[in-house]
Amino acid sequence: MAGIIDGGFTTPLLPTCPNGDAIPISDFDAINSVNFQPNSWDYYKEIIPSTIPGIVLGALSLLGFIFFIIWMLVQYCACCASCCCRANRNEDPETTTQFIKEQQRSSFGAPPGTQQSFGRSSRSLQPPPTSGCTRFLQVLILFLTLATVACSGWGMYESLQSTDSQVSNFWSLVDTVEEKAYNTTKGLQTLDSSLAILETSINTLDSDSAALDEAFAALGNTNPDVSNAINSLSDAMPVIEGVRSGIGSGIQAIDDYLVTTIDDLQADIQPPSESFESTGRYIAIAIVFALTIISALGSGLLSLRVKHPVWASAFVALLWLFVTLLMLLGVGLLSGVRVVSKDACLYSETFAVNYAKDKVQDPQKKEWILNALNYYFNASEVVDEQPGAALKAVVNVDIREIYRLIQTPEVAQLTAFLASVDPDILSAAGVPPTTVTAVQDISSAIVPLSATLAEIDYLVSRRSVQPVYEGAKSLICCDFSSASDDLYLAWTIVGCIGFVLGFFCSIRIVRHTFSNKN
């Protein structure tokens, strides 16, 4: 259960995910909770050590890419030079014919011993038989090629599945929060309007109380409870004024710190993020894994016999390039994302409290926000469930006195009596028009006021907000955490197998090239 504890730290709400996984509360560390500052570069500098393996392997893969780009260019230049030499010899038929005749005379006219020597020399120029080491290397390359292709297909599928709904779920949660903020603001505005009408009506009735008493007497009402109820409402005027002031501050705070933030997020981040989920992620994931499959097939098959060294080098260079991406993004970046995701699950409550302490300068608004966070986060605390208690705890608007007042039998009797009075009779009895209007207004204001107070109190209560809070933590602790783990696993496995394949293909090509030169 979440809650603010001694020292300003906040124990987290750790939900149990649909797959049964849950981060244990024993992983919570008070010092780390304070250091969790995702809006600060200092926090990310502490995460860099977890990305070092990916950075190192990515750097080695990048060196492999650069090496084989140079290697490919050197082989291409050598091939071009060889072709130019053959072309030059073919352009001079007399020289070529003379060279062949001299070779024939030297072969057939030489002594027998010399001919045998020449024969042995010819046999020595034949390619040596394939050694056991070479055969093993070819089999290993073939196995690694198939493994890389298979794992890349699985990695593509796993990546698409893992990123299928996280963005949509996030914006659905944002829409839910926005709707609740809108309903709360609307409820507060409705309450303020009702209290404004009630305030005006009470002032009018209080100023014309003598004329109203005469009118009531003329109407046959001698019940003192009606006059007592009007006096009680008049005495409650300071309370009503204080509530209206608090409502204005509450609406302003919701608009400044919640509605404006949501509007900025929806304007700046929602369109590109939804576009990436619907289109961009398919393109990015498909390009990385499809080209990894192509480069792995090309590298593996061309490295088996190396009949086309230039093309083999080109495919190995391409393989090293995509292994670099897989290492930097998978073993490196996604490893850091996993750390951030777990920290966000454990320490997001503490971050919210500390962020409010640091960023909100107005003392009144800061107190309001901290009280609201404490109310929602401290789920283990038994709260007052009386009507108006939630609004007092969250928005610091105390409607409990008003709620109690309108529930008294006197006010209920006053409301019923005023609703039954004919305005024309009051006018005929000499009651001023403003007082007649006040009689009508006070009845129409008090009748729905009780339901309005109950509705707005429920909207901000823990019972109403808790599902949203739990949904947010489930999104962080389950959806985001699970997605980062799955992506890390998929990209790391494909990257590591591709790295091994690239290493042995590189050995095969380099060995073949030097053996041919020898």
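Cysteine 17 and cysteine 478 pair up in a disulfide, with their sulfur atoms 2.1 Å apart; a disulfide here is a pair of cysteine sulfur atoms within 2.5 Å. The model is a predicted one, in which local features need pLDDT of at least 70, side-chain atom pairs count only at pLDDT 80 or more, and totals for chains, interfaces and linings use all residues. Residues are numbered from 1 along each chain as its sequence is written, and side-chain values use heavy atoms, with hydrogens and water left out.

Back to that pair of cysteines. The torsion about the S-S bond of cysteine 17 and cysteine 478 is about -90°, so this disulfide is left-handed. Cysteine 17 sits in the loop between strand 2 (10–11) and helix 1 (30–35), and cysteine 478 in helix 18 (residues 462–517), so the bond ties together parts that are 461 residues apart in sequence. Helices (H or I, at least four residues) and strands (E, at least two) are DSSP runs, numbered from the N terminus. Both cysteine 17 and cysteine 478 are buried; buried means under 20% relative accessible area, exposed over 50%, and partly exposed in between (1.4 Å probe, protein chains only).

The count comes to 2 disulfides. In the other, the sulfur atoms of cysteine 345 and cysteine 477 are 1.9 Å apart. The torsion about the S-S bond of cysteine 345 and cysteine 477 is about 100°, so that disulfide is right-handed. Cysteine 345 belongs to helix 11 (residues 309–359) and cysteine 477 to helix 18, so parts 132 residues apart in sequence are tied together. Cysteine 345 and cysteine 477 are buried too. Counting bonded cysteines along the chain, the pattern reads 1-4, 2-3.

Salt bridges, meaning a side-chain nitrogen of Lys or Arg within 4 Å of a carboxyl oxygen of Asp or Glu, come to 9. Arginine 244 meets aspartate 192 in one of them (3.0 Å, N to O). That pair links distant parts of the chain, with arginine 244 in helix 9 (residues 237–268) and aspartate 192 in helix 6 (residues 166–207), 52 residues apart. Arginine 244 also forms a salt bridge with glutamate 199, the closest N and O atoms being 2.9 Å apart. Asp192, Glu199 and Arg244 are thus linked in a network of salt bridges. Within this network, arginine 244 is partly exposed at 27% relative accessibility, while glutamate 199 is buried at 12%.

Helix 18 turns up again in the salt bridge of aspartate 485 with arginine 338, where the closest N and O atoms are 2.8 Å apart. Here aspartate 485 in helix 18 is joined to arginine 338 in helix 11, 147 residues away. Aspartate 485 counts as partly exposed at 32% relative accessibility, and arginine 338 is partly exposed at 32% as well.

Some helices are bent, the bend at a residue being the angle between axes fitted to the seven residues ending there and the seven starting there. Helix 10 (residues 270–305) bends by about 55° at glutamate 277. Just after helix 10, valine 306 takes a positive phi of about 50°. Helix 17 (residues 433–459) has a kink of about 40°, centred on leucine 449.

Methods
Expected span 1.5 Å × (residues − 1).
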